[in-house]
Amino acid sequence: MIHVTKSYLPDIDTYIEKIKLIWENHWLTNNGPLLTQLEAKLKRYVGTEHMLYTNNGTIVLQMALKALGITKEVITTPFSYVATTNSILWEGCTPVFADINEYDFNIDADLIESKITGNTQAILVTHVFGNPCDVEKIEAIAKKHSLKVIYDAAHAFGVEYKGKSLLTYGDMSTCSFHATKVFHTIEGGCITANDNDLFRKLYLYRQFGHEGDDYYDIGINAKASEFHAAMGLCVMDALGDIIRHRKKVSISYDGQLNFNKIRKPISPFEITYNYAYYPVVFESEEILLNVKAGLEANGIMARRYFYPSLNTLPFLEKKDVCVNSELISKKILCLPLSSYLQDSEVDTICRIINTIIE
Ligand SMILES: *Cc1c(COP(=O)(O)O)cnc(C)c1O
C-alpha cells in the first residue's frame, strides 16, 4: 500500500540514543533540555530569535488570534486545511472568505479590500502547498487598514522567499510539525512573532500564563514533550535528505505526467521550495474520482487536499461564495510524496493516471 505520505522515521537506535537523556534527567516535558535544543536549531534554520516550539500547529493559530486581541471578523482563505477556519471559529471570531487565484490557489490579494468592513481586524491566510501568498500586497493592505496579519505557514517550513524563511513574514506565522508534514516531530508546531511584547505573551500562553509563582495572563497548555523534541532533533538531522528526495520525486512526476490533461499550481514568485506536496488539478471532478479509484485499485492512496472548500463547511452561519476555490477543491488531488517513494512507484502512479485521463 502506498499512502499520500509516509512519515520519515529515523533509525531506531538514533532515536533511542536521543531519548537516553530523558532517563538520565527524568525530565519528560515542561520545556526541557531536548526541547530547548530543538528550539535553538529551529530558530537558526528559520532565522529568527522569536520562535516557540509547541505541541501542535492548531493551538498556535488560536494563540495568535488571542495574543493579537482579535474577536471580530477575520479575512481568510477558503482553500486550506480545516484547522485554519476552525481556529477562527474556536476563538469566537467570524471568518470572512475571499476567493483564491487560479495560478497558485492562495488567497487573491486583490479581493481582500472588498471584504473589509468596520469589524475586520485581521487577515489569516495559508501559504497553501508551501507557495507564498502575495505577502507584499497583503502587508500594504494591512498597513492601510490597520489590520493584523497571521500566516498559517503549516506547509511552508523550509520555504524561502526573498532570501528569508516564509515563517518570518506577517505579525505572526504559525507552522505544524505533524507527522504528515515535510518536517515533523510526530505532533508539534511553532509560532513566530515579529514583536517583543507579543512574543512574551505567546511565551506565557504556552505555559498557562505563569512563570513559577508569578501569574501574568490567561494561558493555555501548548507545551511539547521531550519525546517529541527528540524525534524533532532526529528528523532535523535528515531534513536536507528528506527535501532532496521529495524534489527528485516531484521532478519525476513533472517529467512523466501528461500536462495536456492536468495542471499543477505554479508560484508567480521566485522561491526556494520544500516539495511539501504534489497536487494536480484534473479537468473535472468525474475524472478525479476515476483517477482516485484507479489508483486505489492498485493500493495507491492519493488524497483530496483540500476538499471541501472551507467556505462551504456545514457549520458556518453565513456562506460566502468562492467560485475558484469551490471549483478547484473538487478537481484537485495530492499524489503520494515522501522520502521513501521509489522511482518504480512513481512510474506506476504516472502510468495509471495517464491511462485514465487519455
Ligand atoms: C496540518 C495543518 C494544520 C494543523 O496542524 P496540526 O499540527 O495538525 O494541529 C493547520 N493548518 C494547515 C494549513 C495544515 O495543513
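# Close-ups of a predicted model: pocket, cavities and helix α8

**View 1. Two domains contribute to the lining of the largest pocket.** At least three lining residues of the largest pocket come from domain 1 (12–98 + 108–233), and at least three from domain 2 (239–357). As in every view here, the coordinates belong to a predicted model. The volume of this largest pocket is about 430 Å³. Its lining is made up of 29 residues, and those closest to the centre are Y81, S176, H178, T180 and K181. By residue type, the lining of the largest pocket splits into 13 nonpolar, 11 polar and five charged residues.

**View 2. The largest cavity, with A154, H155, K181, V182 and F183 nearest its centre.** Let us turn from the pocket to the enclosed spaces. Two cavities of 30 Å³ or more are present in the structure, and the largest holds about 60 Å³ of space. Its lining counts 13 residues: eight are nonpolar, four polar and one charged. Here too, domain 1 (12–98 + 108–233) and domain 2 (239–357) each supply at least three residues to the lining of the largest cavity. If K181 looks familiar, it is also listed among the residues closest to the centre of the largest pocket.

**View 3. The second largest cavity, with K6, S7, Y8, K181 and R246 nearest its centre.** The second largest cavity has a volume of about 50 Å³, and 13 residues line it. Four of these lining residues are nonpolar, six are polar and three are charged. Both domain 1 (12–98 + 108–233) and domain 2 (239–357) provide at least three residues each to the lining of the second largest cavity. K181 is again worth finding on screen: it is one of the residues nearest the centre of this cavity, and one of those nearest the centre of the largest cavity.

**View 4. Helix α8 and its buried face.** Our last stop is a helix. Helix α8 spans residues 285–296, 12 residues in total, and covers 16 Å from its first C-alpha to its last, close to the 16 Å expected at 1.5 Å a residue. Which residues of α8 are buried? They are L288, V291, G294 and L295. Looking down the axis of α8, you will find these buried residues within an arc of 130°, so they line one face of the helix. An α-helix has 3.6 residues a turn, so residues three or four places apart point the same way.

How values were computed:
Residues numbered from 1 in each chain as written. Predicted model: local features only at pLDDT ≥ 70, side-chain atom pairs only at ≥ 80, totals over all residues. Heavy atoms only, no water. 1 Å grid on protein atoms, 1.4 Å probe; cavity = no way out; pocket = protein on both sides within 12 Å on 5 of 7 lines; lining within 4 Å. Points joined across faces, edges and corners; volume = space filled by probe spheres on them. Nonpolar A, V, L, I, M, F, W, Y, C, P; charged D, E, K, R; others polar. Domains from an automatic or database assignment. Helix = DSSP H or I, 4+ residues; strand = E, 2+ residues; numbered from the N terminus. Expected span 1.5 Å × (residues − 1). Buried < 20%, exposed > 50% of the residue type's maximum accessible area, 1.4 Å probe, protein only. Arc of directions from axis to C-beta.
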